[in-house]
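Colleague: I am new to reading structures and would love some help. Could you take a close look at one part with me, and explain the terms as you go?

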Amino acid sequence: MPKPERTTYYPVMLDLKGKPCIVIGGGAVAERKTASLLEAEAEVTVVSPECTEQLNAWADAGVIRCHKAEYSEGLPELADAVLIFAATDRSDVNERVRREAAALGKLVNAADDGGEGGFILPAVVRRGRLTLAVSTGGASPGLASRLRSQLEETFDDAYEPYLDLLYRLRTMLQSQVALPRERQQMMRAALAWDLLGPMRDGRWPAERSEELLAHIRRQPTMQGMMEAEDWIRQVLRQNGQ
Ligand SMILES: C[C@@]1(CC(=O)O)c2cc3[nH]c(cc4nc(cc5[nH]c(cc(n2)[C@H]1CCC(=O)O)[C@@](C)(CC(=O)O)[C@@H]5CCC(=O)O)C(CC(=O)O)=C4CCC(=O)O)c(CCC(=O)O)c3CC(=O)O
Ligand SMILES: NC(=O)C1=CN([C@@H]2O[C@H](COP(=O)(O)OP(=O)(O)OC[C@H]3O[C@@H](n4cnc5c(N)ncnc54)[C@H](O)[C@@H]3O)[C@@H](O)[C@H]2O)C=CC1
């Protein structure tokens with residue numbers, strides 16, 4: 001069988017907080033794209049004569065801006081947008097959005113093509129600071145969705161406090177340990193403690209993380225990390241390992 005053409009997409013994590021984005025169309029697909037933009041705290045404008053109940057509720061609550069009109073070229077919101085989404089059920093309209101975006105040198109996501117507009121969306125799992133994204137490059141969005149469900153089972157809520165602890169530890173070491181090599185060594189030691197399991201099964205309650213951080217703050221060296229490790233072992237033994 002001849003190998004069909006394949007695009008190698010470039011994955012990035014965008015910070016869209018407070019950034020203007022525009023969604024053309026107001027159906028189920030537009031709602032899903034808008035929901036993920038809101039999760040990222042983007043400023044969303046929707047342009048569509050008809051909108052889903054949820055989109056209307058967001059507009060009424062002032063969470064998004066909504067223009068109840070058909071798309072037409074030259075919208076200032078489109079020119080200002082960092083990202084553009086064409087999500088109507090009319091391929092001719094989506095194509096016009098794609099052309100206008102291209103003329104402005106902007107990236108566009110078109111819901112009805114295999115990614116010609118510049119970018120496609122992955123299926124996403126979030127656990128606090130952890131983001132897992134799955135893409136099949138447009139080959140099978142349904143499979144991307146199924147894999148996302150599987151990941152949701154494997155990667156549970158324990159990752160949220162676990163990553164919060166790692167984040168706070170890393171931030172502390174960045175300000176207290178001057179040598180990057182020593183910091184890296186200390187972070188490797190912290191990862192090896194593998195506190196995820198104990199956080200999951202209740203052997204490591206949240207206040208223990210505070211105590212651990214205080215301990216390392218008092219002695220931000222490899223020696224301090226080794227002593228912290230002994231203390232962790234003791235805590236876990238007490239809590240019935
Ligand atoms: C190229 C891409 C462009 C883009 O939209 O970014 C695109 C395109 C198209 N999707 C279609 C159909 C479906 N899309 C989904 C679901 C999702 N689609 C998403 C992304 C993408 N969809 C991008 C590629 C992603 C990748 O492959 O990696 C997800 C991951 C993310 C999101 O949308 O936020 C989200 C899952 C979220 C989750 O569950 O977590 C389902 C399943 C369902 O609804 O349950 C179906 C029906 C089953 C099926 O067809 O597989 C059609 C055909 C329409 C038709 O037949 O008319 C097209 C158009 C075409 O292929 O030309
Ligand atoms: N990328 C994806 O994940 C998926 C993409 N699709 C594609 O996305 C398209 C849209 O799907 P749904 O949201 O389910 O359709 P829908 O029929 O629920 O919504 C279509 C929306 O487009 C709006 N619209 C129509 N003409 C317009 C215009 N001239 N200007 C502005 N808005 C206009 C309508 O008001 C309506 O809100 C489908 O036709 C299909 O091609 C479908 C499923 C998944």
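Modeller: Happily; here is a walk around ligand 1, followed by a look at a helix pair.

This is a predicted model, in which local features need pLDDT of at least 70, side-chain atom pairs count only at pLDDT 80 or more, and totals for chains, interfaces and linings use all residues. Residues are numbered from 1 along each chain as its sequence is written, while chains are lettered from A and ligands numbered from 1 in the order in which they are written.

Let's start with the layout: the chain is divided into domain 1 (20-121), domain 2 (122-150) and domain 3 (159-238), with bounds that come from an automatic or database domain assignment. Between domain 1 and domain 3, the C-alpha centres lie 43 Å apart.

Now to ligand 1. It is surrounded by 23 residues, where a residue is near a molecule if its C-beta atom, placed from the backbone, lies within 6 Å of it. Ala123, Ser135, Pro141, Gly142 and Ser145 are the closest. Two or more residues of this shell come from each of helix H1 (28-39) and helix H5 (141-154); helices here are DSSP runs (H or I, at least four residues), numbered from the N terminus. H5 gives the largest share, 5 residues. Domain 1 and domain 2 each supply at least three residues to the shell around ligand 1. By class, that shell has 8 nonpolar, 11 polar and 4 charged residues. Ala, Val, Leu, Ile, Met, Phe, Trp, Tyr, Cys and Pro count as nonpolar, Asp, Glu, Lys and Arg as charged, and the others, Gly among them, as polar.

H1 turns up again at ligand 2, where it gives the largest share of the shell, 3 residues. Of the 22 residues around ligand 2, the nearest are Gly26, Gly27, Val29, Ala111 and Asp112. The classes there are 12 nonpolar, 5 polar and 5 charged.

Finally, the helix pair: the axes of H7 (residues 180-193) and H10 (residues 222-238) come within 10 Å and cross at roughly 10°. Axes are lines fitted to C-alpha atoms, for helices over the stretch in contact, and angles run from 0 to 180 degrees between N-to-C directions. H7 and H10 are therefore roughly parallel to each other, a label for angles under 35 degrees.

Note on methods. Parallel < 35°, antiparallel > 145°, perpendicular 65-115°, else oblique.
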